[in-house]
Amino acid sequence: MSGWQTLFYKEVLRFWKVAFQTVAAPIVTALLYLMIFGHVLEDRVQVYDSVNYTAFLLPGLVMMSVLQNAFANSSSSLIQSKIMGNIVFLLLTPLSHRAWFVAYVGSSIVRGLVVGTGVMAVAWWFAKPSLVAPLWILVFAFMGAALLGALGLIAGLWAEKFDQMAAFQNFLIMPMTFLSGVFYSIHSLPAFWQQVSHLNPFFYMIDGFRYGFFGQSDVSPWVSLGLVGAALAVVSGIALHLLKIGYKIRH
Amino acid sequence: MSAVSFQNVSKTYRTSRGDFQALRSVSFDIEPGEFFGLLGPNGAGKTTLISILAGLASPTSGRVTVLGHDVQSDYRAARRHLGVVPQELVFDPFFNVREALRIQSGYFGIRHNDDWIDELLAGLGLSDKASANMRQLSGGMKRRVLIAQALVHKPPVIVLDEPTAGVDVELRQTLWQFVSGLNKRLGSTVLLTTHYLEEAEALCGRIAMLKQGQVVALESTSSLLARASSNVLRFKTDGALPSELAAQARITGRVVQLPAGDVAAVERLLARLREAGVVVEDIEIRKADLEDVFLDLTGSQSAANPIREEVSA
């Protein structure tokens, strides 16, 4: 077993040992959203033509859970290690920056997909969306989790206090997920806000993911794939560079 | 080939209050199998030097190698040959002792390391704690785990950064027995920084002393001790020393120690004390030790006193 596999294993074990908090809690949260918003908005919000609102909402909530948990995994693991000081155990090893990247992002993908699958499995009782193109579902879930895992890595390296991490999460990640079309189709928005939504990379992840269920989306899934892929490449490049120079972890 | 080679290592930290030069062109080599001591007062640059060796910090200029491997350009090989016990008492609360050691082995690409892990646990008196969570361990036990973690990959070069700070006497003995054992049995090279000078005196064959980022002495322990040919007059008092004596005295609470070359010097000191009306008790004359050399080399008595307090604390 090479070094990155151990780090990957350790990172998976880390969230799995506290699965109540890292897996069960976000599933319950997503279900509450689904029940409350689904119940209240079922007859009021019109999306696409043939899709009922709760079914429309489900993929959005699944993807939101995937993204938020992928981000939370790498970012909280890193900031905790930094504040506890036990990151030194990693810094003393021959692990390369690539090994760090693969292990942290990989474990974030695992957590994102585990939570996403959990939300999906439980929510299936309430609404059964169709599964028109499952491959798109997998591709967008995977890439979205990777992108947020890499973003969490950057945030974890940058933040020196839990306070800064909370700011990153609440002022950047949360608004971008909520304003990305989880709860609505952006076609229901005024033209100006539709344009603004097109600048939000999270929108393409959710839109592409939803395409896999309904075969309908606000923009072509290929456009979404290209943009999400480009964002993933840029964010990964930055994360790898920061790891290589030991940004805020080596002096 | 040297086990560790520091070549003109300098380090400048940029701070908001301007640049701070922590190391100024430090150069020395440690040979394989040596038990080497790195001493110096707080802030002398010991930990910075160790950090650069371990890859936790990079030098502003200069170069460090571990068994010929540059710690920057060839860091993977360098770190495989190096086991570092950090100064801070850190641990990962998610795991128990055995898990922590297995994971640490895995980072170095080592699987099925349990035989060696068992040996480490036994040697450090941790066998019955193998399945205890790290959070449940006392400070001393955590310290032992830190040492085990540094040794999982059987490094030929071991670095201990003040490993016995805040550790009780019994544990200190265990640790030193264990580390000397590695040094003697396996021929491991040991680099030790410590505040306990009697420890350095007992364990280290050679010593480098740092002061304000510079090497002020680099000699075998015996020749360093030979430098301190003089004796020390030691007594207790509640009175205030005359200022010219206070300036050269090492004072720890009631205990006062004054350098005294020979019998005549002892007599002069006692006469001066009598003259000043200082009542003394428990007078003794002892041979100077490493600490006297240390204080002599690293500077003023005022800077020395806090160190003395830490040693006796």
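This passage describes a predicted model in which chain A and chain B are in contact.

The predicted model scores ipTM 0.85 and pTM 0.85. For chain B, the mean pLDDT comes to 85, and 94% of its residues reach at least 70. Confidence varies along the elements of this chain: strand S6 (residues 82-85) of chain B has the highest mean pLDDT, at 94, while helix H12 (residues 301-312) of chain B has the lowest, at 39. Readers tracing the end of the chain may like to note that pLDDT is below 50 over residues 300-313 of chain B. Even so, this stretch makes 19 contacts in the model beyond its near neighbours in sequence.

Turning to the overall build of chain B, its secondary structure consists of 12 helices and 14 strands. The C-alpha trace of chain B spans about 70 × 45 × 40 Å along its principal axes. Of the 313 residues in chain B, 40% are buried. When contacts in chain B between residues at least 6 apart in sequence are considered, 70% of them join residues at least 24 apart. Chain B is divided into two parts, domain 1 (4-225) and domain 2 (228-312). The centres of domain 1 and domain 2 of chain B, taken over C-alpha atoms, are separated by 33 Å.

The contact between the chains draws 21 residues from chain A and 24 residues from chain B. On the chain A side, the elements that give two or more residues are helix H1 (3-16) and helix H4 (88-91) of chain A. H1(A) provides the largest share of that side, with five residues. By character, the residues of chain A that touch chain B comprise 10 nonpolar, seven polar and four charged.

Elsewhere in chain A, helix H6 (residues 134-158) of chain A has 25 residues. From its first C-alpha to its last, H6(A) reaches 36 Å, close to the 36 Å expected at 1.5 Å a residue. H6(A) is also mostly covered, since 19 of its 25 residues are buried.

The nonpolar interior comes next. The largest nonpolar core has 148 residues, and those with the most contacts inside this core are Ala148(B) and Val159(B). Helix H3 (residues 53-84) of chain A gives the largest share of this core, 16 residues. Both domain 1 (4-225) and domain 2 (228-312) of chain B contribute residues to this core, so the core lies between them. Around Ala148(B), leaving aside neighbours within four places in sequence, the contacts are with Leu101(B), Leu120(B), Leu121(B), Leu124(B) and Leu126(B). Apart from the largest core lies another core, of five residues, including Leu233(B), Phe235(B), Val256(B) and Leu258(B).

A single position in chain B adds some local detail. Val190(B) sits in strand S8 (residues 189-193) of chain B. Val190(B) counts as buried because 23 other C-beta atoms lie within 10 Å, where the cut-off for a buried residue is 20 or more. Not counting residues up to four places away in sequence, Val190(B) touches Phe35(B), Phe36(B), Ile158(B), Leu160(B), Val179(B) and Asn183(B). By contrast with these contacts, the C-alpha atoms of Val190(B) and Ser138(B), which are 52 residues apart along the chain, are separated by 26 Å.

Definitions and conventions: Residues numbered from 1 in each chain as written. Chains lettered and ligands numbered in written order. Predicted model: local features only at pLDDT ≥ 70, side-chain atom pairs only at ≥ 80, totals over all residues. pLDDT = per-residue confidence, 0-100. Helix = DSSP H or I, 4+ residues; strand = E, 2+ residues; numbered from the N terminus. Contact = placed C-beta atoms within 7 Å. Nonpolar A, V, L, I, M, F, W, Y, C, P; charged D, E, K, R; others polar. Buried ≥ 20, exposed ≤ 12 C-beta atoms within 10 Å, placed from the backbone. Domains from an automatic or database assignment. Expected span 1.5 Å × (residues − 1). Core = buried A, V, L, I, M, F, W, Y, C linked by C-beta atoms within 7 Å.
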